[in-house]
Amino acid sequence: PTNLLTIPTKSRAEDQHDVVFKQQLSFNGIAKRDIASLGKTQGQLIILGSGWAGFKLLKDLSTKHYEVTVISPRNYFVFTPLLASSSVGTLEFRCITEPIRRYSPKIKYYQAYADTIDLKKQVIHCTSNIEHKKHEFSIDYDKLIIAVGAKSNTFGIKGVDEHAFFLKDISDARKIRSRVIECFEHASQPDVTKKEATDLLHFVVVGGGPTGIEFSGELYDFITEDMARLYPGLINLVTMTVYDVAPQILGSFDASLRDFATKKFKRKGINICTNRHVMEVKEREIIIEEEGSIPYGMLVWSTGLTENPLIHSMSDQLIKDKSAKRLLTDEYLRVLSKETGQALDNVYALGDCASIENYDLPATAQVANQKAKYLSKALSKIAPEKESITGTEPFKFRNFGSMAYIGKYTAVVDMTPVSEKAKEGGILAWLFWRSSYFTMTVSLRNKMLIPMYW
Ligand code: FAD
């Protein structure tokens, strides 16, 4: 390898290859940057994360001026709006994922977590999450894009981490699917009493936001359409309950749509318990302040987000927003140094791990996607002539509203930010919900698979 690095006459392509080689060679130490040998490029651009923000960027960013490298613990993107459908088998897992490797060799990819970032030395310290082969390495950057998302928020409530199921990734959806089936199989064992079966078949969702409600709707369909046929003797014992601390479910939707969804759920027999405080989660019981101990078979926790550990590790280097959970950026998505209070021209943050100063936006795929689209365009414009992104237009969000599936071919669509009257609940909304997500799916493969599964 040493000889390869010192071959005297080489083409530009070979030059670039050398840089890649040097970087790979220095995996266990700090990589030596060799920008000069990159010829016309502006050097190494690193994207942390392969979610809504990171994936859109790696797809759209021009590699004319940058060597693009993605670092993420998962080598695929998840189309989260359809994750609840896949957790109950309406869609297969592969319908909602896109492999990152499809975009190589245009981009490079390392499967790892970024643990810490040294902004002064421009170095990222990472740990790979490949089973049996966890090792640490460091990699340097010229431009850095932080899009590591956020973690599920348990509010430190005892037992949630240990006993609840979450819905953030494919592995979560897989666990949920097998737990539901396990509950039915367990309840149908010969020595299980009616009381035990009833407890096992109590499905609890904590969190009445769009994710919790969509999951409840999908679970209801799965139980009443599939499980009712497979376990006819058990179906009358099944109960579903949604708990939320707020006075109503779907708090971010228009009031008429909230009422519509609540009525639909009640008519289906799904218990909506609002103004409830969860005190503790045990292996088979949830303790509610207002109700005491309630037995359950499976509990899904969906109560919002808290900061990613990487964001936490940057608290002394970068300014956070008022929640102290997200990195604060300016309107060009540049992070703000704690030392100087100034924006850093070579570090950007977007998606669920970032928020813009004086510009409150929700943590949604819609926002992450629009920010990524903006940044890929802006970065392509500034390279290589200008140094700063501030020569381009600042980011502006276009709110297209929100929607949620609530089960049995029914959805709620709230597009009141676009037009005051644009809201709908029912089958038309469901058709709109399906066609919107179908349009947004990325690959041709999934555009064919999704309608087949539906
Ligand atoms: P994510 O998509 O969470 O991606 C973060 C990425 O960073 C992941 O690849 C992760 O592996 C990686 N990562 C984590 N830590 C590190 C690290 N230390 N180093 C490197 N990489 C790291 N929004 C909508 O607008 N509409 C919807 O209908 C909708 N439905 C949803 C349904 C569900 C079930 C869920 C969970 C969310 C839904 N959302 C929806 C919200 C939306 O998915 C998020 O807002 C969006 O995923 C945020 O994008 P992101 O890129 O910031 O984070």
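User: What makes up the lining of the second largest pocket, by class?

Analyst: Eight nonpolar, three polar and five charged residues make up that lining. Keep in mind that we're looking at a predicted model. Asp221, Glu225 and Arg434 are on the list of residues nearest the pocket's centre, and they go into the charged group because Asp, Glu and Arg count as charged.

User: Why is Thr90 called a lining residue of the second largest pocket?

Analyst: Thr90 is one of the 16 residues that line this pocket, and along with Glu218, Asp221, Glu225 and Arg434 it lies nearest the centre. The cut-off is an atom within 4 Å of a pocket point, so a residue that lines the pocket has to meet it. The space inside comes to about 250 Å³.

User: Which elements give two or more residues to the lining of the second largest pocket?

Analyst: Those are helix H8 (210–230) and helix H12 (427–440). H8 has the largest share, with five residues.

User: Why do you say the second largest pocket lies between two domains?

Analyst: Domain 1 (40–150 + 307–391) and domain 2 (160–304) each give residues to its lining, so the pocket sits between them.

User: Okay, on to the ligand. What makes Tyr437 a polar contact of the ligand?

Analyst: A polar side-chain atom of Tyr437 is 2.7 Å from an oxygen atom of the ligand. The limit for a pair of N or O atoms is 3.5 Å, so this pair qualifies. Tyr437 is also among the residues that come nearest the ligand, together with Ala53, Thr80, Asp352 and Ala365, out of 27 around it.

User: And why does the Gly51 pair at 3.4 Å count as a contact?

Analyst: Here a polar backbone atom of Gly51 is 3.4 Å from a ligand oxygen. That is within 3.5 Å, so it still counts. For Asn308, a side-chain N or O atom lies 3.0 Å from a nitrogen of the ligand, and the 3.5 Å limit lets that pair in too. As for cover, the ligand has 990 Å² of accessible area on its own, and the protein covers 87% of this.

User: Which parts of the fold supply at least two residues of the shell around the ligand?

Analyst: Helix H3 (52–60), strand E2 (67–72), strand E5 (108–118) and helix H11 (365–382) each do that. H11 has the largest share, three residues. By class, the shell has 14 nonpolar, 11 polar and two charged residues.

User: Why is the space of about 50 Å³ called a cavity and not a pocket?

Analyst: A cavity is space where a 1.4 Å probe fits but cannot get out, whereas a pocket is open, so the name tells you this space is closed to that probe. The one of about 50 Å³ is the second largest cavity, and the structure holds three cavities of 30 Å³ or more.

User: What makes up the lining of the second largest cavity?

Analyst: Seven nonpolar, two polar and three charged residues do, including Arg326, Asp352, Tyr359 and Lys371. Strand E21 (354–356) and H11 each supply at least two of them, with E21 giving the largest share, three residues.

User: How do you know that the peptide bond between Ser104 and Pro105 is cis?

Analyst: Its omega is about 10 degrees, and the bond is classed as cis. Pro105 belongs to the loop between strand E4 (97–99) and E5.

User: What makes Gln122 and Asn275 worth pointing out?

Analyst: Gln122 has a positive phi of about 55 degrees without being a glycine, and Asn275, also not a glycine, has a positive phi of about 55 degrees. Gln122 is in the loop between E5 and strand E6 (123–128), while Asn275 is in the loop between strand E12 (270–273) and strand E13 (278–281).

Terms used: Residues are numbered from 1 along each chain as its sequence is written. This is a predicted model: local features need pLDDT of at least 70, side-chain atom pairs count only at pLDDT 80 or more; totals for chains, interfaces and linings use all residues. Side-chain values use heavy atoms; hydrogens and water are left out. On a 1 Å grid over the protein atoms alone, a cavity is a set of points where a 1.4 Å probe fits but cannot get out, and a pocket is an open set with protein on both sides within 12 Å along at least five of seven lines; lining residues have an atom within 4 Å of a point. Grid points are joined across faces, edges and corners, and a volume is the space filled by probe spheres set on the points. Helices (H or I, at least four residues) and strands (E, at least two) are DSSP runs, numbered from the N terminus. Domain bounds come from an automatic or database domain assignment. A residue is near a molecule or strand if one of its heavy atoms lies within 4 Å of it. A polar contact is a pair of N or O atoms within 3.5 Å; within protein, one must be able to donate a hydrogen and the other to accept it, and residues adjacent in sequence count only if both atoms are side-chain atoms. Accessible areas come from the Shrake-Rupley method with a 1.4 Å probe; for residues, only the protein chains shown count as cover.
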